[in-house]
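Me: Please give a close account of one buried site in this model, set against the chain as a whole. I should also like the criteria behind each term to be stated.

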Amino acid sequence: MKTEVDLLIVHAGQLLTLAGPNDRPRTGTALGDLAIISDGAVAAADGVIVAVGPTVQVRDEVTPGPGGEVIDAGGRAVVPGFVDPHTHLIFAGSRAEEFEMRLGGATYQQISHAGGGILSTMRATRAAGEDELLDLGRQRLDRLLAHGTTTVEAKSGYGLTVDDELKCLRAAHRLSAAHDVDLIPTFLGAHAVPPEHGHDPDAYVRLVVEEMLPAVADEDLAEFCDVFCEAGAFTPEQSRAVLEAGLGAGLDPKIHADELSDLGGAALAADLEAVSADHLLCASDNGLQAMADAGTMAVLLPGTALFLGLPYARARRMVDLGVPVALGTDFNPGTSPTWSMPMIIALACLGMRLTPAEAITAATINAAHAVAMAEEVGSLEPGKAADAVVLDLTDYRHLPMHFGVNPVHTVVKRGQLVYQAGRGLRRPA
Ligand code: NIG
Ligand code: FE
């Protein structure tokens, strides 16, 4: 008797399963091992993968049940749904004027010091209601999904009052419940010091620690606690205080580390055994070595380097040192307004010299580790969520080669066909 399934993908010319140990991120040479099956197939029941293998073999084991979906990939490459482990999804307003100012020569830091930057988005976000933020988030999430992303981390950080931070996290929760894509919320109350505390940043840190964190934990609104550890934002001491308080409230630490300057954020992340240290454009060798020793994930965000015109993070050095690396968009209004993980994979290859295989590992299974979801997503293996993307490409190496276009043909989330190129998103009836 064959097992009845409700989703069957067949004839993937290259089925990139990313099968391998899920208890730790891939590092070193394992980063380049995609565990490819030629003419592969994936079958799923109730949203969970039940069989993976060559098409002839899987066809032997399973049969589509009534109403079951069969997707013939027609020789195209199939990859696990992308995991975007770093976004600032929830905000209102636009920074188009600042973009033009930067093109005219102003730096990101100059604009921030003049009250623009994060604070300009904060003003628009404070003025927006929860429903408006939900709606804006939905439009963005639709675009991420159309680019093959099926799991997304989403930070608060543009409210910067107790009520406005809660409003943003509540919007993220409602969005996750209403959308095919799964959101993993992160509390980033320590994103910038808001103007009402400009004269006393430590008082704002106390507000984050003593009022915001308990309120976030009380409503169970976030998985992680993040801090922007940077000159002009929060010092390493303040960052440590926030992240230790986060740990006390049950939120695992993440850090915006060494993005625009080297404050020792990488070493701080290693010391706190953070889930990840993100950005790392300016991280020192000592910092990277500390991360390698602690096994701390580096979340690399090459869209930010491109958009700000900065040198890319030293990804090859990190891989050589044995640091696990993941990739994300950093989707946000000021430093990386892209929703395309395929574009990020291209930048990782073209700007940071990762191989196409390393970049795909970093955007799937390692990105899943960066949000503590590797047991559930990030590879195509029995027992995992059936999140898969059919690329309109026959060779996965074409993905970063054809940069700047959307290579996605079909997206499946938890066994449901949710997007098809040319037909758009399929909404539940
Ligand atoms: O990840 N670095 C801090 N946060 C964002 C930028 C946010 C903004 O400019 O609005 C980042 O680059
Ligand atoms: Fe960020």
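**From the whole chain to one histidine**

Reply: The chain carries 30 positive and 56 negative charges, and the mean positions of the two sets lie 6 Å apart. Here Lys and Arg count as positive and Asp and Glu as negative, with His and the chain ends not counted; each charge is placed at NZ of Lys, CZ of Arg, CG of Asp or CD of Glu.

The model is predicted: local features need pLDDT of at least 70 and side-chain atom pairs count only at pLDDT 80 or more, whereas totals for chains, interfaces and linings use all residues. Residues are numbered from 1 along each chain as its sequence is written, chains are lettered from A and ligands numbered from 1 in the order in which they are written, and side-chain values use heavy atoms, with hydrogens and water left out.

The secondary structure comprises 16 helices and 17 strands; these are DSSP runs numbered from the N terminus, helices being H or I with at least four residues and strands E with at least two. The radius of gyration is 21 Å, close to the 22 Å that the globule rule gives for 429 residues, so the chain is as compact as a globular protein of that length. That radius is taken over C-alpha atoms, and the rule is 2.2 Å times the number of residues to the power 0.38. The C-alpha trace spans about 70 × 45 × 45 Å along its principal axes. Of the 429 residues, 58% are buried, where buried means under 20% relative accessible area, exposed over 50%, and partly exposed in between (1.4 Å probe, protein chains only). Among contacts (heavy atoms within 4.5 Å) with a separation of 6 or more, 72% join residues 24 or more positions apart.

The site chosen for a close look is His369, which belongs to helix 15 (residues 365-370). Its relative accessible area is 14%, so His369 counts as buried. Leaving aside residues up to four places away in sequence, His369 touches Asn22, Asp23, Arg24, Pro25, Val275, Met297 and Ala374.

Helix 14 (residues 356-363) is largely enclosed by the rest of the structure, because seven of its eight residues are buried. Those seven are Ala357, Glu358, Ala359, Ile360, Thr361, Ala362 and Ala363.

Another histidine offers a contrast: His11, in strand 1 (residues 3-16), is partly exposed at 31% relative accessible area. Its phi is near 55°, a positive value in a residue other than glycine. Most residues other than glycine have a negative phi. Glu273 likewise has a positive phi, near 50°. Glu273 lies in the loop between helix 9 (265-271) and strand 11 (276-279), and is exposed at 66%.

The structure holds zero disulfides, a disulfide being a pair of cysteine sulfur atoms within 2.5 Å. Cys229 is in none, and the nearest cysteine sulfur to its own, that of Cys282, is 12 Å away. Cys229 is buried, at 1% relative accessible area, whereas Cys282 is partly exposed, at 29%.

Finally, Ala127 is found in helix 4 (residues 118-127) and is exposed, at 69% relative accessibility.
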